[in-house]
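Q: Hey, I've got a protein to look at for class. Can you walk me through it?

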Amino acid sequence: MRFWSFIDVALGFPAAVLAGVSGAAGLASADARVPAALLALVSAGLSAGAGFLRSDVRRAANRRSRRAWAEVEAKARLLLAEEPSSRQGNQEALQALFDSRTAAMAIHTGDALD
């Protein structure tokens, strides 16, 4: 999740700064039109890269995946901490744990329905 947050800022912030600088340079004088156009092109490229990578969507998906796997871990810890009981109770608990694992894997691969 930190990686995608970094990518979002690393592409978005320079794009915004370059857009502002190119606008100011373009309005400053006629001689500054070429550098302003180059800055605008770089800004557009960074913005397109940020849009293509969709780091905000990836960050949200990573957060959902992390929460789902934390639920699996918590259920497994509770199952290990419980006193051994009937075979039927253990099977039901293991089935619930398996279902949580399956859901976490679906979220991680993007197959889960929101």
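Q: What pLDDT does the protein average?
A: The average is 75, and 89% of the residues score at least 70. pLDDT is the predictor's confidence in each residue, on a scale from 0 to 100. This is a predicted model, so local features need pLDDT of at least 70 and side-chain atom pairs count only at pLDDT 80 or more, while totals for chains, interfaces and linings use all residues. Residues are numbered from 1 along each chain as its sequence is written, and side-chain values use heavy atoms, with hydrogens and water left out.

Q: What should I do where pLDDT is low?
A: Don't read the predicted coordinates in detail there.

Q: OK, how many helices and strands are there?
A: There are 4 helices and 0 strands. From the N terminus on, the order is α-α-α-α. Helices (H or I, at least four residues) and strands (E, at least two) are DSSP runs, numbered from the N terminus.

Q: Which element has the lowest mean pLDDT, and which the highest?
A: Helix α1 (residues 2-28) is lowest at 73, and helix α3 (residues 55-81) is highest at 81.

Q: Switching topic: how many salt bridges does a search of the whole structure find?
A: The search finds 2. A salt bridge here is a side-chain nitrogen of Lys or Arg within 4 Å of a carboxyl oxygen of Asp or Glu.

Q: Which side chain does lysine 75 meet?
A: Lysine 75 meets glutamate 71, at 3.2 Å from N to O. These two residues sit 4 apart in helix α3, so about one helical turn separates them.

Q: Are lysine 75 and glutamate 71 buried or exposed?
A: In between! Lysine 75 is partly exposed at 34% relative accessible area, and glutamate 71 is partly exposed at 40%. Buried means under 20% relative accessible area, exposed means over 50%, and partly exposed is in between (1.4 Å probe, protein chains only).

Q: And what does arginine 77 pair with?
A: Its side chain meets that of glutamate 73 in a salt bridge, 2.9 Å from N to O. Arginine 77 and glutamate 73 both lie in helix α3, 4 residues apart, about one turn of the helix. Arginine 77 is exposed, with 56% relative accessible area, and glutamate 73 is partly exposed at 42%.

Q: What about serine 65, buried or exposed?
A: Serine 65 is buried, because its relative accessible area is 7%. Its place is in helix α3.

Q: What does serine 65 touch?
A: Leaving out residues up to four places away in sequence, serine 65 touches Ile107 and His108. Contact means heavy atoms within 4.5 Å.

Q: Where is alanine 106?
A: Alanine 106 is in helix α4 (residues 87-109). The C-alpha atoms of alanine 106 and alanine 68 are 9.7 Å apart, with their positions 38 residues apart along the chain.

Q: Which residues form a nonpolar patch on the surface?
A: Val9, Phe13, Val17 and Val21 do, with about 360 Å² of accessible area together. Patches are made of residues with over 30% relative accessible area and no salt bridge; like charges are joined within 9 Å, nonpolar side chains (Val, Leu, Ile, Met, Phe, Trp, Tyr) within 5 Å. Valine 17 lies in helix α1 and is partly exposed at 38%.

Q: Last one: how much does the protein expose?
A: About 8,300 Å², with carbon and sulfur atoms supplying 64% of it. Accessible areas come from the Shrake-Rupley method with a 1.4 Å probe; for residues, only the protein chains shown count as cover.
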